[in-house]
Amino acid sequence: QAERLREDLAAVLDALPPDPRGGSVEVRAGQFNLRDGALDYRVVLTRDGAAGKALAGVLQFTVAGESARGAPAALALQPIALSLGRHEVLRGSVPLPEGFKPRQTTVQVLDRAAGKALGMRVLLVR
């Protein structure tokens, strides 16, 4: 059963649309939702040539939206460490300031915090 699940996952990953920006790491899909003052996320990353050795890096979210006062605002959230083989599905939740209304999230995969960009995509928050 485990082998069948691996094959199913590989088929789903291959069916996802490519990242329009390309890059050595592709942000293939993502979903962001505001729930109870936090940003819930699911992000699917892939990379080619991932034979064996995992790639260490960080996932950086920059969230654009409106502050509690209604002014446009952008927040760079804490980087999230990752280790990426051929693919990775990341999910979690990060708190947002009270009253902040997110509109979109820029997802960046970096080789280290404040480092070189390996992949990037802008996705809407639902």
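**A three-stranded sheet, two loops and a buried arginine**

Strand 1 and strand 2 (residues 38-46) pair in the antiparallel sense, and nine bridges join them. The model is a predicted one. Within this pairing, Gly30 has Val43 of strand 2 as its bridge partner.

The pair belongs to an open sheet of three strands. The order is 1-2-6, and the pairing is antiparallel. Strand 1 (26-35) and strand 6 (87-95) stand at the edges. Each has a single partner strand, so one side of each lacks a neighbour in the sheet. Neighbouring strands here are turned against each other by 10 degrees on average, direction ignored. Strands of a sheet pair through backbone hydrogen bonds, either parallel or antiparallel.

Next, the loop that follows strand 1. Asp36 sits between strand 1 and strand 2. Its phi is near 55 degrees, a positive value in a residue other than glycine. Is Asp36 buried or exposed? Asp36 has a relative accessibility of 77%. The cut-off for exposed is over 50%, so Asp36 counts as exposed.

A second loop has a residue with positive phi. Ala114 lies between strand 7 (101-110) and strand 8. Phi of Ala114 is near 60 degrees, and Ala114 is not glycine either. Ala114 is exposed, because its relative accessible area is 79% and the cut-off is over 50%.

Strand 8 covers residues 117-124 and holds Arg121. This arginine is buried, yet it has no salt bridge. Which side chain of opposite charge is nearest to Arg121? It is Asp19, at 4.6 Å. A salt bridge needs a side-chain nitrogen of Lys or Arg within 4 Å of a carboxyl oxygen of Asp or Glu, so Asp19 at 4.6 Å does not make one with Arg121.

What does the side chain of Arg121 meet instead? Two backbone oxygens lie by its polar atoms. The backbone oxygen of Val27 is 2.7 Å from a polar atom of the Arg121 side chain. For the backbone oxygen of Arg28, the corresponding distance is 3.1 Å. Strand 1 spans 26-35, and Val27 and Arg28 fall in that range.

The wider surroundings of Arg121 can be listed, leaving aside its neighbours within four places in sequence. Arg121 is in contact with Pro18, Asp19, Pro20 and Arg21. Its contacts also include Val27, Arg28 and Ala29. Thr105, Thr106 and Val107 are in contact with Arg121 as well. These three carry numbers within strand 7 (101-110).

Note on methods:
Residues are numbered from 1 along each chain as its sequence is written. This is a predicted model: local features need pLDDT of at least 70, side-chain atom pairs count only at pLDDT 80 or more; totals for chains, interfaces and linings use all residues. Side-chain values use heavy atoms; hydrogens and water are left out. Helices (H or I, at least four residues) and strands (E, at least two) are DSSP runs, numbered from the N terminus. Buried means under 20% relative accessible area, exposed over 50%, partly exposed in between (1.4 Å probe, protein chains only). Lys and Arg count as positive and Asp and Glu as negative; His and the chain ends are not counted. A polar contact is a pair of N or O atoms within 3.5 Å; within protein, one must be able to donate a hydrogen and the other to accept it, and residues adjacent in sequence count only if both atoms are side-chain atoms. Contact means heavy atoms within 4.5 Å. Two strands pair if DSSP finds at least two bridges between them. Axes are lines fitted to C-alpha atoms, for helices over the stretch in contact, and angles run from 0 to 180 degrees between N-to-C directions.
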